[in-house]
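Welcome! Here is a short, friendly tour of a binding site and a metal site, meant for anyone seeing this structure for the first time.

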Amino acid sequence: MEGELPPLARPLLTNRDETTVGFADDWTPSHVKVALNLTLNAEFVPASANVRDLSSLPGAPSGCRAAVARVVALDGLIDKTALGWIREHLGVDIEDERRHGGAKPRESLWERKTADDDLAEPTYGLRKESMDRLVRTMMHREGVEPTTRLDEFHARLQALYPDWIVCHMPADALRADEEASEKPDDSLDASAGGSAGFRCDAFVANAAVHGDEYRWHVDADPSSFPDSCAWTRTYGDYVNGEPGKPLFVSAVVYANSVWDEDAWGGETHFMDVGSGVGALVCPRPGRVVLMDQDVTHRVSPPTRAANGRARYSLVYKLVFFPRAKGGAAGPDASLWERGIARAEWGPPSPIGSAAKLAAIVNAAARARRTETGAVKRDREEE
Ligand SMILES: O=C(O)CCC(=O)C(=O)O
Ligand SMILES: [Fe+2]
């Protein structure tokens with residue numbers, strides 16, 4: 001199906017070749033409803049190849065590119081079977097959830113141990129055994145029965161992005177060399193984290209409850225990986241989103257079966273760093289959020305009114321590998337310009353710094369149009 005895969009590419013398991021037909025419930029990509037399609041974090045970042053022509057921008061720094069990051073919130077993507085499997089593995093009991101004050105994280109599956117950073121109070125994360133089980137069945141590690149119940153979701157996710165090979169983030173390849181070689185067989189083990197202050201897993205599960213504190217963070221950026229790790233040795237040191245390079249994306253699946261979004265809180269917040277504005281997404285059952293992994297975000301905990309209920313999410317850490325090499329002409333930069341936003345979803349809404357950039361670009365385009373119009377009129381008058 002994939003032909004030869006790029007180095008470190010581990011495609012999501014699916015049950016079929018890549019097609020746009022044959023999905024459950026006659027699903028097609030057009031069934032996806034886009035609740036949010038955002039750009040933010042417009043900035044100049046270092047570029048290993050100066051792919052965007054900046055020569056027209058006065059004072060544009062060389063060796064840099066103009067970048068934005070993206071967030072999309074999608075309804076109608078994940079199927080019931082996959083959602084059911086995820087709920088089982090997170091211990092989300094639908095009956096329990098509908099009861100007043102039900103659905104606390106199950107102690108047999110969850111423990112308070114995950115923190116966004118060193119200052120944060122730990123919040124609920126899946127116990128190692130539960131996470132290992134989830135990762136092994138999902139990714140079909142040797143000696144483990146693969147689940148087929150995620151095939152449909154994975155195939156749909158892949159079908160949304162036909163120009164990319166949608167892969168699991170190779171967590172082991174992001175660790176400094178010595179650490180990776182200590183645990184050579186733990187390639188996609190959820191517990192594969194660095195002891196040298198850099199921790200990165202292929203999945204994260206969250207069960208947020210009232211009173212928790214979550215902190216602003218980015219999931220990953222390839223520019224912050226250790227120099228000696230396999231990823232950087234293979235793909236170089238670059239800022240996420242660079243044309244020609246694999247794109248780091250997180251997919252958040254909201255796993256509750258009921259959620260009162262007027263009363264219970266629990267939204268995911270996204271921040272445009274620098275401008276002090278942002279956006280939020282309610283954890284609507286079955287909604288999936290995709291974001292570039294370098295977007296600053298955090299969970300807001302459930303309110304008191306949620307009555308101790310947990311707000312569940314499963315985060316897939318992904319890497320999108322460009323399918324075509326781009327030939328002699330180099331990578332087709334428009335692929336990275338669109339990123340996780342499909343063209344038919346329409347132009348994204350820019351916020352903060354991205355809104356400011358959009359205003360400048362629009363003003364420049366207007367000025368060019370006026371200028372061209374004036375030149376044309378001058379010629380006609382001659
Ligand atoms: O559950 C969410 O909304 C996001 C969770 C998150 O940011 C993470 O696990 O890294
Ligand atoms: Fe995150």
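## Two bound partners

Ligand 1 is surrounded by V204, N206, H217, D219, V252, Y254, T268, H297, V299, R311, S313 and V315. Please keep in mind that this is a predicted model. The iron ion (ligand 2) is held by H217, D219 and H297, and these three residues also appear in the surroundings of ligand 1.

**The shell around ligand 1**

- By residue type, the shell is made up of five nonpolar, five polar and two charged residues.
- Four strands, β7 (203–208), β8 (247–254), β12 (296–299) and β13 (311–322), each provide at least two residues of this shell.
- Strand β13 contributes the most, with three residues.

**Polar contacts and cover**

- T268 places a polar side-chain atom 2.6 Å from an oxygen atom of ligand 1.
- S313 also has a polar side-chain atom 2.6 Å from an oxygen atom of ligand 1.
- For R311, the distance from a polar side-chain atom to an oxygen atom of ligand 1 is 2.7 Å.
- On its own, ligand 1 would expose 300 Å², and the protein buries 96% of that.

**The iron site**

- The iron ion (ligand 2) is coordinated at 2.1 Å by NE2 of H217, OD of D219 and NE2 of H297.
- Along the chain, these donors follow the spacing H-x1-D-x77-H.
- D219 sits in the loop between β7 and α6 (230–235), while H297 belongs to strand β12, so the pair ties together parts that are 78 residues apart in sequence.
- Both D219 and H297 are buried.

Notes:
Residues numbered from 1 in each chain as written. Chains lettered and ligands numbered in written order. Predicted model: local features only at pLDDT ≥ 70, side-chain atom pairs only at ≥ 80, totals over all residues. Heavy atoms only, no water. Near = heavy atom within 4 Å. Polar contact = N/O pair within 3.5 Å; in protein donor to acceptor, adjacent residues only side chain to side chain. Areas by Shrake-Rupley, 256 points an atom, 1.4 Å probe, with all protein chains shown as cover. Nonpolar A, V, L, I, M, F, W, Y, C, P; charged D, E, K, R; others polar. Donors = N, O, S within 2.8 Å, 3.2 Å for Na, K, Ca; no water. Buried < 20%, exposed > 50% of the residue type's maximum accessible area, 1.4 Å probe, protein only.
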